[in-house]
Structures are given as C-alpha cells and as structure tokens.
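User: I want to go through this model with you. Can we take it topic by topic?

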Amino acid sequence: MQKELLLADEAIAQGAIDGGLSGVYAYPGTPSTEITEYIQNSKQAKERNIHSHWSSNEKTAMESALGMSYAGKRSLVCMKHVGMNVAADCFVNSAITGANGGMIVLAADDPSMHSSQNEQDSRFYGNFAMLPILEPSNQQEAYDMAYNGFELSEKLGYPVLMRVVTRLAHSRSGVERKNTKDENKNSVPADPRQFVLLPAIARRRYQVLLDAQASMLEASENSIYNKYIDGKNKKLGVVACGIGFNYLNEIFPNGCEYPVVKVSQYPLPKKMIDKLANECEAIMVLEDGYPFVENQLKGFFESKTIKGRLDGSLPRTGELDPDSVGKAFGKVNTITYQQPSVVKMRPPQMCQGCSHRDMYEALNEVLRSYPDSKVFGDIGCYTLGALPPYQAINSCVDMGASITMAKGASDAGLYPAVAVIGDSTFTHSGMTGLLDAVNENSNITIIISDNETTAMTGGQDSQGTGKIESICLGLGVAKEHLRVFVPLKKNYEEMLQIIKEEIDYKGLSVIIPRRECIQTLTRKHKTAMAAKK
C-alpha cells in the first residue's frame with residue numbers, strides 16, 4: 001500500500017476519493033478549507049470527474065450533498081464548526097430523510113478560537129440530530145474514517161457526522177492508503193416518499209430514526225475505532241475522545257497505567273463505559289472542545305467521581321495539549337522556553353496594498369463629521385478594521401450580520417448606520433438581509449468591499465465575482481444609489497464624495513469599492529512570469 005505524508009484534512013480528502021467519492025460540497029472556512037482544495041487539485045479526482053466546486057454557503061453545500069446522496073452517489077460536505085449553524089436546517093432534517101448514497105458531513109471545530117467567533121463543539125449537533133459521529137484520533141484514522149464512512153452511512157441508512165479539530169486538521173503524519181473503490185451507480189430511494197417531509201411522512205420517518213438508534217449503538221460498540229485498553233491501576237479510568245487519545249499516548253509513551261476507553265465513534269460505546277465505571281474508582285474524560293462526554297457520564301453515574309473540564313482537572317476553555325493533559329495526571333512539564341527578546345508580539349493586520357485599507361481610510365474620514373455613527377462589520381479580512389490603526393467597525397457577529405444589524409440599529413433611530421461586508425460574505429448570507437433593507441428602504445449605507453475572492457481563507461473563488469451589481473439591482477436597489485469606485489489613493493477625493501453623498505441620502509444605498517485582492521493578484525503575476533520562462 002502507498003504511504004504518504006498528509007495533513008489530517010488531506011487524509012480525509014484522499015480517504016474520500018479512495019472510498020468512492022462522487023462529489024464534495026463546501027464553503028471555505030478554517031480549519032476545513034484544505035479538504036476541498038486537495039480534492040480540487042487532485043489529479044485522481046479530476047480523472048474521476050469528482051465534483052468539487054465551492055458552494056455559496058454551508059446550507060447550499062449540505063443540500064447539494066444530500067441531493068447527490070438521493071441520487072445514489074457518495075458525497076462529502078465540509079465546513080468549519082460555525083458553518084454547522086448555517087447548514088443546521090438541512091442537517092437536522094437529513095436525519096429524518098436518511099441517506100441513499102453514502103454521505104459524510106465533515107465539521108472542523110476550532111477549540112481556542114484560532115480563527116473563529118466561538119469554540120462550538122459539533123458533536124452536540126450529531127447528538128441532537130441522533131446521527132452517528134466519527135472523531136479520529138490521528139491522521140491514519142482520519143483517512144480510514146473517510147474511506148469507510150460511506151459504507152457505514154449506507155449500512156445504517158443515515159448521514160454520518162465526522163468531527164476533527166484544528167490541531168489534528170493542520171498537522172501531518174504518515175498515512176497508508178487503501179485500494180480505490182469504484183463510484184456508486186445512480187439509484188434512487190426504494191421508498192419514493194422517503195425524502196418528502198410532509199408531517200404525516202415525517203412522523204413515520206422520525207419513528208424509523210428512533211428505531212435505528214439501536215443499530216447505531218451496536219455499530220459503535222463493535223467499531224474498530226473504539227477500544228477498551230486495560231490497566232493495572234484501577235484508582236482511575238480514562239475516557240479518551242478523538243485527539244485526546246493521542247495526547248494520552250504522548251504523556252504515557254510506554255502505555256497508560258490506568259484502564260482506558262478510546263472513543264472515536266459515537267454514540268458512546270455503553271458496554272465499554274459501564275465496564276470502566278465498574279472497575280475504577282473515578283473517571284477522567286479527555287475531550288477537545290466542550291464537556292460533551294463528561295456531562296453524559298455525570299448523568300449516567302451520579303455517585304461516581306467524573307473528572308475533566310467541569311471540575312478543573314483540565315482547562316474549561318481552549319484546546320487540549322500534552323501539557324494540560326499531563327498536568328491532569330500529575331505529570332508537570334518542567335521544561336520552559338524563553339521568548340527571544342527580538343520577538344515582539346504584534347496584532348494581525350491587513351496586507352500592504354489591501355483594498356480594504358483605502359476603503360477604511362476614506363470611511364473613517366467621512367464619519368468624523370458624524371459623531372453618532374456606527375459601523376457594523378462582518379466576517380472576512382476586513383474584520384481586521386476593528387484593530388488599530390483603523391478601529392473602524394463596532395460589531396462582528398456572524399456571516400451576513402452587518403447588513404441586518406445596521407438595519408435594526410437604523411430602525412431603532414441610530415444614524416448613520418453603516419454596514420461593511422465582503423463580496424463572498426455578501427453572497428453567502430448578505431443577500432437576504434439586503435432584500436429586507438430594500439423592502440423597507442432602510443436608512444442605511446451598505447459597503448460591499450469587493451476584492452473578487454474569498455481572501456480570508458486563502459483566495460478561493462468568490463461566488464459573486466462579476467455579479468454584485470446585478471444581484472443588488474435584482475433585489476431592488478435603486479440604480480442611482482448603487483455606486484462603484486476603485487479604492488486607490490489617486491481616487492481618494494472621489495471616494496470621500498461618494499461615501500458622504502450616500503450617507504446623507506435618507507434611504508438605502510449600496511457602495512461597492514472594487515479592487516482585486518493583492519495576494520491573488522501577486523500570485524497571478526508570479527504564475528504568468530513563470531509561464532514565460
């Protein structure tokens with residue numbers, strides 16, 4: 001078998017390709033982006049004509065993947081943890097419809113919020129929807145779970161949620177590949193009404209889901225990813241979930257002295273957990289993210305001491321690491337490293353030459369004349385405008401919230417209310433908010449800062465490139481209050497004039513500063529120069 005050095009994200013992508021994948025659907029979001037990019041760049045995927053275009057958002061990605069499953073093919077849908085919120089409507093209902101072709105929903109969680117608004121744990125979504133969950137402890141398991149996950153989905157008849165975390169997604173290890181499987185042939189569900197969630201059908205399907213819980217538990221009890229590993233010291237038992245098992249092995253390189261239940265497939269393997277509880281005086285739970293398993297065990301075993309994030313044995317916030325796990329077992333790392341004096345901390349900043357810089361400079365200058373002004377921001381590179389030297393935005397909550405928060409503030413009487421949103425975020429979640437504002441002619445100014453790419457996650461295609469004006473006009477924005485300029489120093493006076501005119505207008509206006517992302521432009525120039533050599 002071929003062995004490769006892969007990120008866990010890349011291992012998931014390769015495992016899915018080798019496992020008979022027909023299509024991946026995703027919206028870029030750290031730490032999940034590399035999965036789809038790997039498939040897009042894979043020669044093998046291109047030869048097999050695997051669908052790999054970016055979707056407008058996670059909801060459309062989830063629905064497209066479910067459609068491919070309906071047609072009998074194997075599909076993968078990828079997103080970061082907050083993307084699960086966007087996809088939740090379809091995700092939860094997919095537990096009622098079930099799956100036809102194998103379907104894996106990949107959620108990449110971000111404990112410690114390296115590039116996120118929260119530490120949300122996607123295992124709760126799987127539990128809420130009553131679907132099986134896979135959580136790899138290393139890169140090889142990430143590959144194996146993607147490779148075998150489609151068959152598990154087809155055997156159970158439901159989508160499978162696969163959860164990884166940042167530290168695993170973005171670290172490399174050797175991965176042994178397996179033989180490539182053929183793609184499924186097209187086939188539609190045997191029950192023609194399975195996917196028609198009218199109340200009468202949905203009630204019946206919900207009972208089918210409830211009845212399927214026993215087979216999901218049996219699959220977990222017999223899973224190769226869940227193990228009971230005995231230990232001599234019964235004073236403590238350990239439940240090690242996902243990457244937590246990896247950290248446990250690091251602090252006990254010669255084997256853990258305590259009995260261990262390794263959990264990488266859910267629902268929890270109850271027989272193994274019961275055995276651990278019966279044999280050990282207390283239980284330590286190692287899990288990256290929320291105290292998902294710890295809370296369950298507190299409910300199962302009320303008289304048993306359960307240790308973990310809730311009792312302070314492990315930090316309540318942030319990602320696990322070998323030091324925090326070692327400390328929980330009394331193994332304190334005494335090796336410290338001094339930060340070199342030449343290393344200075346500095347906040348992240350927008351790139352030199354970034355079009356957002358010129359936009360913020362002009363916006364800040366105009367708003368100095370409006371002391372009550374507030375600027376509602378969104379998710380993207382331009383969110384860095386909240387930091388010095390610009391300090392230009394007053395909110396950043398979720399994808400698309402800039403427009404609707406500005407509208408709500410305006411409804412409350414705040415003036416001027418300005419929204420700043422990027423082109424990719426606008427087509428992800430901003431269009432419906434704009435429609436609300438159009439319908440009420442809300443007194444807000446919306447700035448769609450268009451750098452013609454999804455820049456924050458590495459320059460993926462933006463769904464709105466070349467279409468922003470048409471979308472705005474189609475949603476009803478008045479043509480005379482749809483303004484476009486090129487954000488450059490030479491156009492500074494024009495920028496000031498346009499922004500001021502639209503803020504003074506008592507109604508809805510949209511301004512589009514447009515200039516290509518300096519990073520994607522630089523890459524294009526380098527590629528062009530290399531082609532000439």
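Analyst: One term to begin with: partly exposed means a relative accessible area between the buried limit, under 20%, and the exposed limit, over 50%. Also keep in mind that this is a predicted model.

User: Ok. Is Ser112 buried or partly exposed, and why?

Analyst: Ser112 is partly exposed, because its relative accessible area is 30%.

User: Where does Ser112 lie?

Analyst: In the loop between strand S4 (103-109) and helix H6 (123-129). The phi of Ser112 is near 80°, a positive value in a residue that is not glycine. Most residues other than glycine have a negative phi.

User: What is phi for Met130?

Analyst: Near 65°, again positive and again not a glycine. Met130 sits in the loop between H6 and S5. Met130 counts as partly exposed, at 21% relative accessibility.

User: How far is Met130 from Gln213?

Analyst: The C-alpha atoms are 7.5 Å apart in space, and the two residues are 83 apart in sequence. Gln213 is in helix H9 (residues 199-221). Gln213 is partly exposed too, at 23%.

User: Which peptide bonds are cis?

Analyst: One joins Thr30 and Pro31, with omega about 15°. Another runs from Tyr415 to Pro416, with omega near -10°. Pro31 is in the loop between S2 and helix H2 (33-41). Pro416 is in the loop between helix H15 (401-411) and S15.

User: Now S16. Are its residues buried or exposed?

Analyst: Buried: 6 of the 6 residues in strand S16 (residues 444-449). In a regular strand the side chains alternate between the two faces of the sheet. Here Ile444, Ile446 and Ile448 are buried on one side, and Thr445, Ile447 and Ser449 are buried on the other.

User: Which strands pair with S16?

Analyst: Strand S15 (residues 417-422) pairs with S16 in the parallel sense, over 6 bridges. Ile421 stands opposite Ile448 of S16. The chain gets from S15 to S16 through helix H16 (residues 423-440), in a right-handed β-α-β crossover. Strand S18 (residues 509-513) is also parallel to S16, with 3 bridges. There, Thr445 stands opposite Ser509 of S18.

User: What about the sheet with S5 in it? What is the strand order?

Analyst: S2-S3-S4-S6-S5-S11, an open sheet of 6 strands with mixed pairing. Strand S2 (21-26) and strand S11 (265-266) are the edges, and each pairs on one side only. Inside the order, strand S5 (residues 133-134) and strand S6 (residues 160-165) run parallel, joined by 2 bridges. Ile133 has Leu161 in S6 as its bridge partner.

User: Switching to empty space. How much is in the largest pocket?

Analyst: About 780 Å³. The lining has 41 residues, and Gln117, Ile379, Gly380, Met399 and Met456 lie nearest the centre. Helix H5 (83-97) and H16 are the elements that give two or more residues to that lining. H16 has the largest share, 5 residues.

User: How does that lining split by class?

Analyst: The pocket lining has 14 nonpolar, 23 polar and 4 charged residues.

User: And how many cavities of 30 Å³ or more?

Analyst: There are 2. The largest has a volume of about 40 Å³. Its lining includes Met350, Arg357, Leu384 and Tyr390. By class, the lining of that cavity is 7 nonpolar, 1 polar and 1 charged.

User: What is the volume of the second largest?

Analyst: About 30 Å³. Among the residues that line the second largest cavity are Tyr27, Trp54, Ser424 and Asp461. That lining divides into 3 nonpolar, 5 polar and 1 charged.

User: Last topic. How many disulfides?

Analyst: A search of the whole structure gives 0.

User: Why no bond for Cys78?

Analyst: Its closest cysteine sulfur, in Cys90, is 15 Å away, so that is too far for a bond. The cut-off is 2.5 Å between sulfur atoms. Cys78 is also buried, at 1% relative accessibility.

User: And why none for Cys256?

Analyst: Distance again: the closest cysteine sulfur to that of Cys256 is in Cys280, 9.8 Å off, and therefore too far for a bond.

Technical notes:
Residues are numbered from 1 along each chain as its sequence is written. This is a predicted model: local features need pLDDT of at least 70, side-chain atom pairs count only at pLDDT 80 or more; totals for chains, interfaces and linings use all residues. Side-chain values use heavy atoms; hydrogens and water are left out. On a 1 Å grid over the protein atoms alone, a cavity is a set of points where a 1.4 Å probe fits but cannot get out, and a pocket is an open set with protein on both sides within 12 Å along at least five of seven lines; lining residues have an atom within 4 Å of a point. Grid points are joined across faces, edges and corners, and a volume is the space filled by probe spheres set on the points. Ala, Val, Leu, Ile, Met, Phe, Trp, Tyr, Cys and Pro count as nonpolar, Asp, Glu, Lys and Arg as charged, and the others, Gly among them, as polar. Buried means under 20% relative accessible area, exposed over 50%, partly exposed in between (1.4 Å probe, protein chains only). Helices (H or I, at least four residues) and strands (E, at least two) are DSSP runs, numbered from the N terminus. Two strands pair if DSSP finds at least two bridges between them. A crossover is right-handed if, with the strands pointing away from the viewer, the path from the first strand over the helix to the second runs clockwise.
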